[in-house]
Amino acid sequence: MPACQRCTTARAALKRPKTGESVCKACFYLAFETEIHETITTNHLFRRGEKVAIGASGGKDSTVLAHVLHLLNQRYDYGLDLVLLSVDEGITGYRDDSLATVQRNQVQYGLPLKIVSYGDLYGWTMDEIVAQVGLKNNCTFCGVFRRQALDRGAVLLGVDHIVTGHNADDIAETVLMNILRGDIARLQRCTSILNNNDGTIKRSKPFKYTYEKEIVMYAYFKNLDYFSTECIYAPQAYRGYARTFLKDLEAIRPSAILDIIHSGEAFAAPSDPPSAKTTAAPAHAHGEKPAQRDAGECERCGYMSSQRVCKACVLLEGLNRGLPRLGIGKTDRLRRRHNLHEATSPETLGRTIEHMANVRLEAARASPAAAASPPTPPPPAGAAGVGVGEPSTALSAPSAAAATARGVGVANNDAPRLASRGALMEL
Amino acid sequence: MVSLELRFSGGMELLFGGTKAVTVDVPLKAGAATMRDLLPWMRDHLLKERPELFMDGDSVRPGILVLINDADWELEGDLEYALKASDEIVFISTLHGG
Ligand SMILES: [Zn+2]
Ligand SMILES: [Zn+2]
């Protein structure tokens with residue numbers, strides 16, 4: 001029974017995959033939490049006063065993330081206003097159970113919880129979508145709808161920043177898949193710990209360097225309550241070959257996970273990938289590719305989109321028209337065959353997604369504390385002041401200096417928006 | 001016979017018919033039999049479905065964590081750990097959900 005290599009007294013409980021070190025429970029907790037704190041500070045993930053939504057699925061990663069962020073926010077006085085944000089895809093017997101887990105977390109940590117549902121946003125639950133499209137492309141619908149649902153939930157909450165529980169193993173897996181596909185643009189996005197540039201709400205991954213094994217051991221030793229049933233609509237139970245390959249590598253050489261993340265970063269670093277626009281030009285000449293637009297908005301729903309109509313709106317149109325391959329297969333060809341122009345008048349589309357401008361207005365009405373009296377310079381009225389713009393990028397020099405002086409990577413933004421907390425305690 | 005307390009979590013219980021904990025008398029010799037003997041016995045007698053998701057070669061599938069008496073089995077010699085009466089062995093899947 002080996003002793004802990006840190007304190008040399010207690011019985012070791014875990015062999016750390018990152019370092020091979022044998023540590024006792026207490027030393028493990030401290031190392032685990034401190035390393036995440038260091039990731040947060042060295043990458044300047046947070047600003048003081050920032051309102052941060054934890055994307056909470058009830059699974060192990062987001063459950064541990066909620067626990068650790070809640071703890072670090074108190075221990076190091078980040079001054080964050082934390083909320084839980086969950087997406088209800090409408091999957092009977094799966095999501096309803098996992099949301100019950102999130103609701104227990106809400107009580108345990110005293111964090112407000114907001115649930116946005118596919119049924120409310122799109123008029124279709126995943127159960128209904130699968131009934132129409134079957135089990136082949138259902139994950140495409142779910143992925144596109146989830147991303148937009150989280151962003152819309154964040155706008156409703158007046159959130160500045162969404163954190164997700166993606167861990168080192170997840171990121172290494174994505175790096176592998178993007179390298180195999182030669183997708184440099186995505187490689188860049190998946191390795192960056194903080195995305196704050198494409199017109200959507202700032203997103204980050206505080207667990208980027210945290211091993212899955214340690215997340216699971218932490219949850220187990222701390223008795224954290226999480227939900228671990230697979231999605232009934234994702235038939236390949238265990239995430240496929242890249243995952244298996246990665247776990248095999250890790251078993252032989254645990255540092256492989258971080259090595260792969262680092263090589264992904266190295267691939268992505270020289271950056272400035274050839275612009276998609278220039279390379280797509282010839283295809284455009286043949287009339288196959290719709291015109292690309294930079295950081296535009298979907299003309300139907302106002303969501304950030306490089307196309308005239310965002311992917312979610314195209315998928316939804318397909319569902320409503322009984323043409324579920326719209327947006328999945330050869331969309332342009334399908335549109336021609338069925339004589340459906342992108343600029344169709346809204347009345348013929350059936351149910352559409354609420355326009356972002358309305359969502360922002362609704363948010364401003366629902367929590368005047370967050371929207372009407374923002375901390376520092378009030379954004380222009382048109383922006384509705386709910387943090388979808390990026391007032392955050394301009395970090396004033398004095399506050400950055402203050403943050404450094406305090407040894408915390410969060411900037412000082414004197415008036416935390418804690419007042420709105422009560423208004424957000426909704427299910 | 002050696003009497004063991006087996007626990008399953010993190011989705012591992014799904015492969016064992018939903019059982020989260022079970023006390024079993026395993027027809028192996030305490031002090032002599034090891035985890036290397038226990039795993040195939042569990043596969044043949046307790047596992048309800050998809051044996052390929054439990055074992056890989058003579059060990060557990062990578063991504064399944066094992067604890068022996070509340071400590072990482074990697075600290076206890078993993079497959080070579082000699083079973084003792086009333087050992088508690090926990091199997092946790094890291095592969096489910098997120
Ligand atoms: Zn220790
Ligand atoms: Zn749209």
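What arrangement do the four donor atoms around the zinc ion (ligand 2) make?

1. The arrangement is tetrahedral, because the four donor atoms around the zinc ion (ligand 2) subtend angles of 106 to 114°, and every one of four such angles has to lie between 85 and 135 degrees for that description. As a point of reference, the ideal angle for four tetrahedral donors is 109.5 degrees. This reading concerns a predicted model, and the angles are computed from its coordinates.

2. The protein donors of this zinc ion (ligand 2) are the SG atoms of Cys298(A), Cys301(A), Cys310(A) and Cys313(A), which lie 2.2 to 2.4 Å from the ion. Along the chain, the donors follow the spacing C-x2-C-x8-C-x2-C.

3. On solvent accessibility, two of these donor residues can be described: Cys301(A) counts as buried because its relative accessibility is 0%, and Cys310(A), with a relative accessible area of 2%, is buried as well, the cut-off being under 20%.

4. Cysteine sulfur also deserves a check for disulfides, and a search of the whole structure finds zero of them over all chains. Outside the list of zinc donors, Cys27(A) is buried with a relative accessible area of 15%, and Cys142(A) is likewise buried, with a value of 9%.

5. As for confidence, the model scores ipTM 0.96 and pTM 0.81, while chain B has a mean pLDDT of 93, with 97% of its residues reaching 70 or more. Where pLDDT is low, the predicted coordinates should not be read in detail.

Technical notes. Residues numbered from 1 in each chain as written. Chains lettered and ligands numbered in written order. Predicted model: local features only at pLDDT ≥ 70, side-chain atom pairs only at ≥ 80, totals over all residues. Heavy atoms only, no water. Disulfide = S-S within 2.5 Å. Buried < 20%, exposed > 50% of the residue type's maximum accessible area, 1.4 Å probe, protein only. Donors = N, O, S within 2.8 Å, 3.2 Å for Na, K, Ca; no water. Tetrahedral: all angles 85-135°; square planar, octahedral: opposite > 155°, others 65-115°. pLDDT = per-residue confidence, 0-100.
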